[in-house]
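Reader: I'd like to poke at some of the labels used for this model. Can you show me the reasoning behind each one?

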Amino acid sequence: MKWRAYPPDVLPLFVAESDARPAPAVVEAVNRAMALGDTGYPIGQRYEAAMASFAHDRWGWDFDPATQAVPVPDVMQGIVAVLDHLGQPGAPVVINPPVYPQFYKYLEWAGRPIIEVPLTAEGRLDFDGLGRAFSGEGGAKPDAFLLCNPHNPHGTLATREELTALVALAQQHGVRLVSDEIHGPLVLPGHQLIPLLSIEGITNAVTVTSASKSWNLAGLKGALAIGSPDVAERLFTLPDEVTHSISHIGVIAHEAALDHGREWLDEMLAEVVANQKLLVSLLAEQVPAVAYAPGPSTYLAWVDCSALGLPDPGAHFLTHGKVAFNNGGPFGPGGEQFVRINLATSPEIITEAVRRMASTLGS
């Protein structure tokens with residue numbers, strides 16, 4: 001998608017695909033399956049165990065892969081399935097804009113009214129706002145809260161204290177917590193993900209995650225829904241249309257990434273850190289009016305263009321500079337003057353992208 005969505009003269013730094021060859025372990029595992037003719041229906045795989053091993057080693061989080069995790073086609077389809085299966089179809093869901101635009105799209109497709117509780121100016125949870133929303137103040141009471149952790153596009157990581165407070169607030173008001181943790185492995189060196197389900201005493205909560213974003217496997221579908229112990233059993237009664245729709249080859253690739261692609265991931269994260277520093281330097285030299293503070297996770301840069309005085313910064317850069325970023329508007333309130341820049345690419349592409357940005361000013 002990244003390199004085909006626009007004409008050839010447009011430099012793409014938008015959708016969250018990385019410009020990287022797959023991890024060698026993934027290539028070997030998929031090639032082996034193809035050579036064996038192992039291309040049938042999925043059964044007997046160990047995706048759940050691979051994720052549990054990775055979670056233990058990276059985050060110190062332990063869950064039982066046999067009793068708490070079930071396969072789902074991908075993270076967003078899994079989120080919608082979990083919301084309807086465990087909750088009340090058609091009931092409102094709380095989200096924190098600016099946030100991943102697919103939250104809006106999938107919840108709309110699922111017939112779910114959205115209650116927006118914007119993040120603070122620092123990109124953190126607004127607990128006063130969440131308390132009002134969870135209680136149903138001023139409108140319908142929500143069925144669930146959809147968390148994005150690590151947060152896309154801000155790149156912020158919820159602290160253990162924040163998640164503990166969130167769990168207490170949700171339990172007080174009977175609101176289910178569903179956490180999208182697809183960016184979990186993309187935590188940069190020196191920082192630590194706190195998985196939602198690692199919070200002591202958590203109930204009525206589900207995490208949906210995948211190896212796809214971190215190892216660039218979006219074309220090889222596969223994700224997991226992992227439940228807190230009190231709801232995990234109900235996940236195993238999800239309909240076959242959900243749990244049987246995962247890709248067999250996708251799961252093989254994801255298992256290989258989690259088990260044997262960790263060194264590849266570490267190398268990629270080091271390159272992302274270098275690209276963050278490069279973007280800071282280039283913007284300071286060529287587009288000093290914009291504001292960008294690197295986050296502790298993801299390979300996505302959330303860049304504030306409000307000082308440029310452009311009605312639509314993303315459209316401006318695309319039209320006048322032939323460089324494609326994600327427009328901030330679809331991320332919801334607070335995102336209108338931002339662009340999201342994908343840093344999972346080469347330094348040369350980032351350098352050219354900033355040059356094109358700078359060339360448009362005054363156009």
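**Labels and the numbers behind them**

Author: Sure. One thing up front: this is a predicted model. Helix α10 is mostly covered, with eleven of its 13 residues buried.

Reader: Which residues of α10 are those, and what do they pack against?

Author: The buried ones are His248, Ile249, Gly250, Val251, Ile252, Ala253, His254, Glu255, Ala256, Ala257 and Leu258. They pack against α1 (24-36), α2 (47-59) and α11 (262-286).

Reader: What makes Ser247 a cap for α10?

Author: A side-chain oxygen of Ser247 lies 3.5 Å from the backbone nitrogen of Ile249, at the N-terminal end of the helix. The cut-off for a polar contact is within 3.5 Å.

Reader: Why is Ser212 called buried?

Author: Buried means under 20% relative accessible area. Ser212 has 13%, so the label fits. Ser212 is in the loop between β7 (205-209) and β8 (223-227). Leaving aside neighbours within four places in sequence, its contacts are Ile182, Leu217, Ala218 and His254.

Reader: How do you know that Asp143 and Arg112 form a salt bridge?

Author: The cut-off, nitrogen to carboxyl oxygen, is within 4 Å. Their side chains meet at 3.4 Å, N to O, so the pair qualifies. The pair links distant parts of the chain, 31 residues apart: Asp143 is in the loop between α6 (127-135) and β5 (144-148), Arg112 in the loop between α5 (101-109) and β4 (114-116). Asp84, Arg112 and Asp143 are linked in a network of salt bridges.

Reader: Are Asp143 and Arg112 buried or exposed?

Author: Asp143 has 14% relative accessibility, so it counts as buried. Arg112 has 4%, so that one counts as buried too.

Reader: What makes Arg124 and Glu162 a salt bridge?

Author: Their side chains meet at 2.8 Å, N to O, and the limit is within 4 Å. Arg124 lies in the loop between β4 and α6 and Glu162 in helix α7 (residues 160-173), so the pair ties together parts 38 residues apart in sequence. Arg124, at 26%, is partly exposed, whereas Glu162, at 15%, counts as buried.

Reader: Where do Arg356 and Glu352 sit, and why is Glu352 called partly exposed?

Author: Both are in helix α13 (residues 347-360), four residues apart, so about one helical turn separates them. Their side chains meet in a salt bridge at 2.9 Å, N to O. Partly exposed is the class between under 20% and over 50%. Glu352 is at 23%, so it goes there, while Arg356, at 16%, is buried.

Conventions: Residues numbered from 1 in each chain as written. Predicted model: local features only at pLDDT ≥ 70, side-chain atom pairs only at ≥ 80, totals over all residues. Heavy atoms only, no water. Helix = DSSP H or I, 4+ residues; strand = E, 2+ residues; numbered from the N terminus. Buried < 20%, exposed > 50% of the residue type's maximum accessible area, 1.4 Å probe, protein only. Contact = heavy atoms within 4.5 Å. Polar contact = N/O pair within 3.5 Å; in protein donor to acceptor, adjacent residues only side chain to side chain.
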